[in-house]
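Here is a set of questions and answers on a protein model, meant to be read with the sequence and coordinates at hand. Definitions are given where a term is used.

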Amino acid sequence: ADLGKNPLLTNTKIVDCWNAFRMSQNAILDFRKQGMNLFCTLWKHIQSTFSEHNRNRNQEAESKPSTVIRLFLHRFPVGPGSVALPLLMAKIRKENLPVVVLVT
């Protein structure tokens, strides 16, 4: 193992979820739509991260992940987050994925 590289730094990706928060005239319906968009963005990120990891390790795309994804959601918006987070956690648990979520 290369002791000079910190895996938390070299394996860190920043995902831009800003497109999920476009505002419309109806704020309540907009929160639902934003929440669904945010869920889709986060879920696609999780799927692509596992696919990339499996590809780098020459594993099948559908095989059980051999890494843990640490998802840090900084300043998570309450309205859209109240839609996205339960859906995300339910999907992670249903798929039995090694994902850790920290929300601030």
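Q: Along strand β1 (residues 69–73), which side chains point to one face and are buried?
A: This is a predicted model, in which local features need pLDDT of at least 70 and side-chain atom pairs count only at pLDDT 80 or more, while totals for chains, interfaces and linings use all residues. Residues are numbered from 1 along each chain as its sequence is written, and side-chain values use heavy atoms, with hydrogens and water left out. In a regular strand the side chains alternate between the two faces of the sheet. In β1, Arg70 and Phe72 point to one face and are not buried (buried means under 20% relative accessible area, exposed over 50%, partly exposed in between, with a 1.4 Å probe and protein chains only), whereas the side chains that point to the other face and are buried are Ile69, Leu71 and Leu73.

Q: In which sense do β1 and strand β2 (residues 99–103) pair, and what is the handedness of the crossover through helix α3?
A: Helices (H or I, at least four residues) and strands (E, at least two) are DSSP runs, numbered from the N terminus, and two strands pair if DSSP finds at least two bridges between them. β1 and β2 have five bridges and pair in the parallel sense. The chain crosses from β1 through α3 (residues 78–95) to β2, and a crossover is right-handed if, with the strands pointing away from the viewer, the path from the first strand over the helix to the second runs clockwise; this β-α-β crossover is right-handed.

Q: Which residue in β2 is the bridge partner of Phe72?
A: Phe72 belongs to the face of β1 whose side chains are not buried. Its bridge partner in β2 is Leu102.

Q: What is the phi of Arg75, and what is the phi of Asn96?
A: Most residues other than glycine have a negative phi. Arg75 lies in the loop between β1 and α3 and counts as exposed because its relative accessibility is 69%, while Asn96 lies in the loop between α3 and β2 and is exposed, with a relative accessible area of 54%. Neither is a glycine, yet Arg75 has a positive phi of about 55°, and Asn96 likewise has a positive phi of about 55°.

Q: Is Thr49 buried or exposed, and which residues does Thr49 touch?
A: Thr49 is found in helix α2, and because its relative accessibility is 16%, it counts as buried. With contact taken as heavy atoms within 4.5 Å, and not counting residues up to four places away in sequence, Thr49 touches Lys13 and Ile69.

Q: How many Å lie between a polar atom of the side chain of Ser48 and the backbone oxygen of His45?
A: Ser48 is in α2 (residues 27–56) and counts as partly exposed, because its relative accessibility is 38%. From a polar atom of the Ser48 side chain, the backbone oxygen of His45 lies 3.0 Å away.

Technical notes: Polar contact = N/O pair within 3.5 Å; in protein donor to acceptor, adjacent residues only side chain to side chain.
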